[in-house]
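Open your viewer and get ready to make some selections. We will go stop by stop, saying what to pick and what you will find there.

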Amino acid sequence: MEDTALQIRGLNVAYGDQQVLRDITVDIPARQITAIIGPSGCGKTTLLRSLCRMAELVEGVRVWGQVIFDGKDIYAPQTEVTEVRKRIGLLAQRPFPLPMSIYDNVAYGPRLYGIRQRAVLDEIVERQLRAAGLWDEVKDRLHAPASALSIGQQQRLCLARGLAVEPEVLLCDEVTSALDPLSAQRIESRLLELKANYTIVMVTHVLRQARRMADYVLFLYLGELVEYGPAGEVFNNPRQARTRAYLAGEFY
Amino acid sequence: MWALTLLVALLVPFMALALLERARPLFDIAPPGRLLLASEWRPLKQEFGFLPFIAGTLWVTLIAMLLATPLSLLCAIYLAEYAPRRLRELVKPPIDLLAGIPSVVYGLWGVLTIVPFIREVVAPWAREALGFLPLMRSDNPTGYSVLAGGIVLGVMVFPVIISTAEEVIRAVPNGLREAALALGATRWQMVKGVVLRRALSGVIAAVVLGFSRAFGETMAVMMVVGNVPQLPRSIFDAGYPLSALIANNYGEMMSIPLYDSALMAAALILLIVVVVFTALARIALIQAIRRAA
Ligand SMILES: Nc1ncnc2c1ncn2[C@@H]1O[C@H](COP(=O)(O)OP(=O)(O)O)[C@@H](O)[C@H]1O
Ligand SMILES: [Mg+2]
C-alpha cells in the first residue's frame with residue numbers, strides 16, 4: 001500500500017452514555033480519496049470530526065483511542081489542537097461563510113497565522129479561489145459580502161478558505177448534499193483534482209458518488225467498521241454480508 | 001387582540017400629545033430650543049432653563065454606561081461562549097431576577113452603601129490623588145453625587161445588557177464557530193473575529209436598550225444624586241436629572257405659574273428620548289437576531 005496519512009487505532013466516541021464509534025482501527029492512505037459510507041446515524045460525521053479534534057466540541061462527548069498523524073497521536077496531551085486543525089481541514093455539510101467579504105473569508109486563515117502583507121494575501125486568495133473553481137465568478141467582487149453568494153458558490157468559497165491554511169488532509173462531510181447537481185459536480189471535480197496534493201476523506205451517503213470518486217471505501221455500520229478496502233473490491237466483491245446488503249439497497 | 005395591540009401602540013403618541021398640549025403655555029414664553037439650552041432654573045422669576053436637568057441626566061447616564069457596558073459585555077461573552085451550560089443555567093435566572101428588583105431597593109442600597117463609600121473613601125482619595133484632573137475635583141462633602149447615581153444606575157443596567165447581549169451572541173449559529181475553529185483559530189480568535197462580528201449590531205442594540213432604561217430611571221437615582229439644579233463640573237458634584245425633577249416636584253409647587261407646564265415639558269423630553277432609543281434598539285435587535293440565525 002502507498003504511504004499512510006492517518007493511522008486510526010482503537011478509536012471510540014461516546015455522547016454521554018451512548019457510544020457511537022467502537023474501536024475503529026484503519027489506515028487512511030495519503031493522496032487518495034477515501035470514502036466513508038454507511039446508513040445515516042451510523043457515525044460517519046462523528047468519525048470524520050474526530051480525525052481533526054472537532055468531535056470534542058460537543059458538550060458531554062468522550063473520545064478515546066489514537067489517531068496518528070505525521071508520527072504523533074493527535075490526542076496526545078502535548079498536542080496543540082489548533083495545529084492539528086490547521087493541518088487537517090474540515091469542510092462541513094452546509095457552507096458557513098464568515099460574516100465578512102469573499103476576500104476576507106479566504107484570507108481569514110492566513111491572517112490567523114500572521115500573514116499581513118497585502119501582496120502575499122492577494123496571491124493566496126487568487127490561487128485558492130482558482131483551486132476551488134470560484135475565481136472567475138467572483139474576481140470582480142472580492143470585497144462583496146460572502147453571504148451574497150449562492151449556496152453552491154458559498155461551498156466552493158468554504159473549500160478555498162479551507163485550502164488557504166494549506167492543510168495536508170481534507171475531511172469532507174457530505175459537502176455536496178445541500179447543493180444543486182451542477183454545483184455538486186463542480187465540487188466533485190475540484191476534489192478529484194486536489195487529490196494529487198491532498199489526502200481526502202469524504203463522507204457520503206450517495207453510493208454513486210462514492211463509486212465515481214473513491215479510491216478506498218470504508219463501510220461503517222452502527223458505529224463499527226464493517227469493511228474497508230480499495231473501492232473496486234468493496235463495490236464489486238464485498239466480503240461482508242452487511243456490506244452486500246447495504247450496497248444492494250436493503251437499508252439506508 | 002388586534003384592537004388591543006392597536007390601543008397599546010397608540011398609547012405613546014397619545015401620551016406625547018397630551019404632554020405637548022399641557023406644556024404649550026411654556027413654549028409661548030420661550031421657544032423649545034432656547035429652553036433646552038438655558039441654564040437658569042428660577043421658577044419664581046419665570047425662568048425655566050432645562051440645561052441643568054438635561055446635563056444631570058446625561059452625566060448620570062454616561063457614568064452608568066461607562067461602568068456597565070464593558071463589564072456586562074465581558075460577562076455576556078463569558079456566559080455565552082465560555083461558561084459550561086450548567087453554570088450558565090445556574091447564573092441566568094438570578095441575573096434576570098436582578099432586572100426585576102424595584103428601583104427603590106437599588107436606591108436604598110445606594111444610600112446605605114455607595115453614598116457613604118464615596119463620601120468616606122473615594123472622594124477623599126480623589127481629592128489627594130486626582131484633584132488636578134478637570135472632572136475629578138471633589139469639593140462636595142456629602143457623597144450625594146452624579147457618581148453615586150451613575151454607579152447605582154450602572155448596577156441596575158447591568159442585568160439588562162447582560163441578558164440581551166448574551167441572547168444575541170448565542171443566536172450566532174454553531175456552524176460559524178466551527179468554521180473558524182476548523183481553520184485552527186483559538187477560541188478567543190473565533191469569538192473576537194467571527195462571533196462578535198456577526199453579533200455586533202445586536203450587541204450595540206443591547207447597550208442602547210440598557211441606555212434607554214438608564215436614561216429614564218427615576219427612583220434610585222433621585223435618592224442618591226443630591227438633586228441640586230446646577231451644571232455638574234465633576235463626577236463628585238451633585239446633579240439633578242430630568243426624571244427626578246418631575247418626581248420631586250409634581251403636585252408640590254403647582255401654584256407657581258407655568259410650573260406644571262415646565263414639568264410636562266421635562267416629561268416630554270424624557271419620553272421622546274426614551275421612546276426613540278428603545279424603538280431603535282428593538283428594531284436593531286430584531287434584525288440582529290434574525291440575521292444571526
Ligand atoms: N451532538 C450530538 N449529541 C448527541 N448525540 C449525537 C450528536 N451528534 C450525533 N449524535 C448521535 O451519534 C450517532 C452518529 O451520528 P453521526 O456521526 O452524525 O452519524 P452520520 O453522520 O453517519 O449520520 C447518531 O446516533 C446521533 O444521534
Ligand atoms: Mg452526517
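Start with the pair Glu178(B) and Arg49(A): their side chains meet in a salt bridge, 2.8 Å from N to O. A salt bridge here is a side-chain nitrogen of Lys or Arg within 4 Å of a carboxyl oxygen of Asp or Glu. The count between chain B and chain A is one such bridge.

Before moving on, a word on conventions: this is a predicted model, in which local features need pLDDT of at least 70 and side-chain atom pairs count only at pLDDT 80 or more, while totals for chains, interfaces and linings use all residues. Residues are numbered from 1 along each chain as its sequence is written, chains are lettered from A and ligands numbered from 1 in the order in which they are written, and side-chain values use heavy atoms, with hydrogens and water left out.

**Stop 1: the interface**

Now select everything in chain B that touches chain A, and the reverse. You should have 20 residues from chain B and 19 residues from chain A, where contact means heavy atoms within 4.5 Å. Together the two chains bury about 1700 Å², 65% of it on carbon and sulfur atoms. Buried area is the accessible area (1.4 Å probe) that two parts lose on being put together, summed over both. On the chain B side, highlight Glu178(B), Ala182(B) and Leu183(B), which lose the most area to chain A and together make up 34% of what that side buries.

For the polar part, look for five residue pairs in polar contact between chain B and chain A, both residues at pLDDT 80 or more. A polar contact is a pair of N or O atoms within 3.5 Å; within protein, one must be able to donate a hydrogen and the other to accept it, and residues adjacent in sequence count only if both atoms are side-chain atoms.

Which helices of chain B each supply at least two residues of the side that touches chain A? They are α7 (174-182) and α8 (187-216), and α7(B) gives the largest share, seven residues. Helices (H or I, at least four residues) and strands (E, at least two) are DSSP runs, numbered from the N terminus. Colour the chain B side by residue class and you get eleven nonpolar, five polar and four charged residues. In this scheme Ala, Val, Leu, Ile, Met, Phe, Trp, Tyr, Cys and Pro count as nonpolar, Asp, Glu, Lys and Arg as charged, and the others, Gly among them, as polar.

**Stop 2: Arg177(B)**

Stay in helix α7 of chain B and pick Arg177(B). Is Arg177(B) buried or exposed? It counts as buried, at 9% relative accessibility; buried means under 20% relative accessible area, exposed over 50%, and partly exposed in between (1.4 Å probe, protein chains only). Leaving aside residues up to four places away in sequence, Arg177(B) touches Glu81(B), Ile169(B), Arg170(B), Val172(B), Met190(B) and Val195(B).

**Stop 3: a covered helix in chain A**

Cross over and select residues 102-112 of chain A, helix α3, where ten of the eleven residues are buried. Among them are Ile102(A), Tyr103(A), Tyr108(A) and Leu112(A). What covers these buried residues? The cover includes α4 (118-131), α5 (135-138) and α6 (151-163) of chain A together with α7 and α8 of chain B. Just after α3(A), click Gly114(A), which takes a positive phi of about 90 degrees.

**Stop 4: ligand 1**

Next, select ligand 1 and its surroundings: Tyr15(A), Gln18(A), Val20(A), Ser40(A), Gly41(A), Cys42(A), Gly43(A), Lys44(A), Thr45(A), Thr46(A) and Val58(A). Each has a heavy atom within 4 Å of the ligand. Three distances to oxygen atoms of the ligand deserve a label:

- Thr45(A), from a polar side-chain atom: 2.7 Å.
- Gly43(A), from a backbone N or O atom: 3.1 Å.
- Gln18(A), from a side-chain N or O atom: 3.3 Å.

**Stop 5: two positive phi values**

Asp23(A), in strand β2 (residues 18-29) of chain A, has a positive phi of about 50 degrees although it is not a glycine. Asp23(A) counts as exposed, at 53% relative accessibility. Then go to Arg53(A), in the loop between α1 (44-50) and β4 (61-69) of chain A. Arg53(A), also not a glycine, has a positive phi of about 60 degrees, and it is buried, with a relative accessible area of 11%.

**Last stop: chain B as a whole**

Zoom out to chain B, with its eleven helices and two strands. Its C-alpha trace spans about 70 × 60 × 30 Å along the principal axes, and buried residues make up 46% of its 293 residues.
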